Amino acid sequence: PPASVYAYQSEEISRFSFIGTTHRIILAELWRARVIDLVTQQDIHTFLYPLGGSMDFSETDRAGSLFVQANHRTAEVWDLTTGKQLRSFKPVNSSSGSRNTRLSPDGKVLFFDNRMWDVATAEQKIELADDPPTNDAAFSADGRYFARGGLFDTQWFDLQTKQVEWLPNLLPNERKTSQLQFGRGNRLYRSYGWMDELAVSPLGDDKTRNTFDPRSGIACWALLPDHQVFAALTDGTLVWLDEDLKIKKQWHSELKVTACLPDTHNRIWLGTEKSGLLTLNLEQGRLKQVLPSTHWIKSVKLSADENYLGLLLKPYKSRVEIYKTEDLK
């Protein structure tokens with residue numbers, strides 16, 4: 001198998017992310033976050049967490065210039081160039097804290113403590129109700145719209161006009177939004193219910209939505225660069241859907257998929273529980289094993305330029321492995 005360019009194992013790794021198009025990553029551990037250069041294998045910055053608590057959330061902006069970490073006590077914004085802290089936000093309602101904290105793609109707005117904050121000025125822009133609790137949240141690519149889903153309904157917000165709209169989940173099987181993502185034209189995709197059904201609708205127009213009702217649960221789903229949809233089901237079925245969630249192709253496998261990630265070459269990277277890392281070529285319908293089975297793959301990530309691919313593995317200890325994508329072909 002190809003050799004990794006970086007590997008690190010610890011009992012304390014919770015998540016990792018690539019920083020923009022650089023050759024650097026952030027590892028979030030139990031009490032610190034580390035910025036690591038993949039070429040030199042050296043730590044560039046270390047961000048310590050506030051005393052008395054680990055971090056529930058960490059994320060960078062699209063440009064890779066800001067890093068946000070948050071828990072129920074605080075949210076901190078750091079400059080990834082200098083390693084200095086720029087802002088610190090304290091929750092007004094300590095019960096909500098970092099629940100589904102999100103940073104807008106341009107790094108200008110922070111959703112924390114059920115409030116929208118201006119990152120540059122630390123001013124509160126919008127306060128949102130905390131009833132019911134948020135299950136998932138997402139910004140649109142241009143940062144103008146924000147959506148969050150809870151147990152009974154989904155809300156979306158226009159941050160320019162401050163318009164708020166509710167999309168009620170009217171039927172019992174439509175409750176409990178689990179994942180939200182904006183597509184082309186700011187159409188809102190969401191999975192919900194006990195079987196993780198999918199729905200897509202224009203903002204503010206839930207009546208014209210399209211749905212995909214799988215015959216088994218959805219292990220993972222993602223939007224492709226051309227705004228079509230891929231979903232891996234818990235029974236091993238792999239499904240390619242168009243923008244309106246109509247089936248284009250499907251394949252039957254015995255894979256227990258745990259993570260799925262599309263790239264710009266019409267491929268899906270599939271992390272599995274026992275079968276290693278595979279790719280699925282959507283046009284050819286061909287599965288290819290890239291890395292053999294070692295441990296359960298919890299997540300798969302690509303750098304913004306797709307030069308690096310990273311895995312978070314969950315053996316008895318957490319392990320991060322980073323590869324050059326050209327070595328995986």
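These legends accompany a set of views of one predicted protein model.

**View 1. The whole chain, an all-strand fold.** Welcome to the overview of this predicted model. The secondary structure comes to 32 strands and zero helices, so please do not go hunting for a helix in the views that follow. The C-alpha atoms fill a box of roughly 55 × 50 × 30 Å along the principal axes. A compact globule of 329 residues would have a radius of gyration near 20 Å, and the protein agrees with that at 20 Å. Of the 329 residues, 53% count as buried. Contacts between residues at least 6 apart in sequence include 37% that join residues at least 24 apart.

**View 2. The surface and its charges.** Here the outside of the protein takes the stage. The exposed area is about 14900 Å², with carbon and sulfur atoms supplying 48% of it. The protein carries 40 positive and 42 negative charges, and the mean positions of these two sets are 2 Å apart.

**View 3. The largest nonpolar core.** This view looks into a core of 15 residues, the largest nonpolar one in the protein. The residues with the most contacts inside this core are Phe-230, Leu-238, Val-257, Ile-268, Leu-270, Leu-280 and Leu-282. Two or more core residues come from each of β23, β24, β26 (257-262), β27 (267-272) and β28 (277-281). In soluble globular proteins, nonpolar side chains tend to be buried together. Ile-268 makes a good place to start browsing. Setting aside neighbours within four places in sequence, Ile-268 is in contact with Leu-224, Phe-230, Cys-260, Leu-261 and Pro-262. Further contacts of Ile-268 include Leu-278, Thr-279, Leu-280 and Leu-282.

**View 4. Thr-234 in the loop between β23 and β24.** The loop that holds Thr-234 runs between β23 (229-233) and β24 (238-241), two strands that also contribute to the core of View 3. Beyond residues up to four places away in sequence, Thr-234 touches Ser-216, Gly-217, Ile-218 and Ala-219. Arg-215 is 19 residues from Thr-234 along the chain, and their C-alpha atoms are separated by 9.5 Å.

**View 5. Two loop residues with positive phi.** Most residues other than glycine have a negative phi. Gln-41 goes the other way, with a positive phi near 65 degrees. Gln-41 sits in the loop between β4 (32-37) and β5 (43-48). Asn-114 also has a positive phi, near 55 degrees, and its loop joins β11 (109-112) and β12 (115-118). What about their surroundings? The relative accessible area of Gln-41 is 36%, which makes this residue partly exposed. Asn-114 is buried, with a relative accessible area of 5%.

**View 6. Phe-47, a buried residue of strand β5.** Phe-47 lies in strand β5, the strand that follows the loop of Gln-41. With a relative accessibility of 1%, Phe-47 counts as buried. Its contacts, not counting residues up to four places away in sequence, are with Arg-32, Ala-33, Val-35, Phe-67, Gln-69, Trp-78, Leu-80 and Gly-83. For a sense of scale, take Thr-134, which is 87 residues from Phe-47 along the chain. The C-alpha atoms of Phe-47 and Thr-134 are separated by 27 Å.

**View 7. Leu-291, where the chain start is in touch.** Strand β29 (residues 286-291) is the home of Leu-291, a residue that counts as buried at 5% relative accessibility. Follow the contacts outward and you will meet Pro-1 and Pro-2 among them. Leu-291 also touches Ser-275, Gly-276, Leu-277, Leu-311, Tyr-323 and Leu-328, again leaving out residues up to four places away in sequence. Leu-328 is 37 residues from Leu-291 in sequence, with a C-alpha to C-alpha separation of 8.0 Å.

**View 8. Pro-315 in the loop between β31 and β32.** The last stop is the loop between β31 (308-313) and β32 (318-324), where Pro-315 is placed. Is Pro-315 buried or exposed? Its relative accessibility is 19%, and the cut-off for buried is under 20%, so Pro-315 counts as buried. Leu-287 lies 28 residues from Pro-315 along the chain, and 25 Å separate their C-alpha atoms.

Terms used: Residues numbered from 1 in each chain as written. Predicted model: local features only at pLDDT ≥ 70, side-chain atom pairs only at ≥ 80, totals over all residues. Heavy atoms only, no water. Helix = DSSP H or I, 4+ residues; strand = E, 2+ residues; numbered from the N terminus. Rg over C-alpha atoms; globule rule 2.2 N^0.38 Å. Buried < 20%, exposed > 50% of the residue type's maximum accessible area, 1.4 Å probe, protein only. Contact = heavy atoms within 4.5 Å. Areas by Shrake-Rupley, 256 points an atom, 1.4 Å probe, with all protein chains shown as cover. Lys, Arg positive; Asp, Glu negative; His and termini not counted. Charge placed at Lys NZ, Arg CZ, Asp CG, Glu CD. Core = buried A, V, L, I, M, F, W, Y, C linked by side-chain atoms within 4.5 Å.
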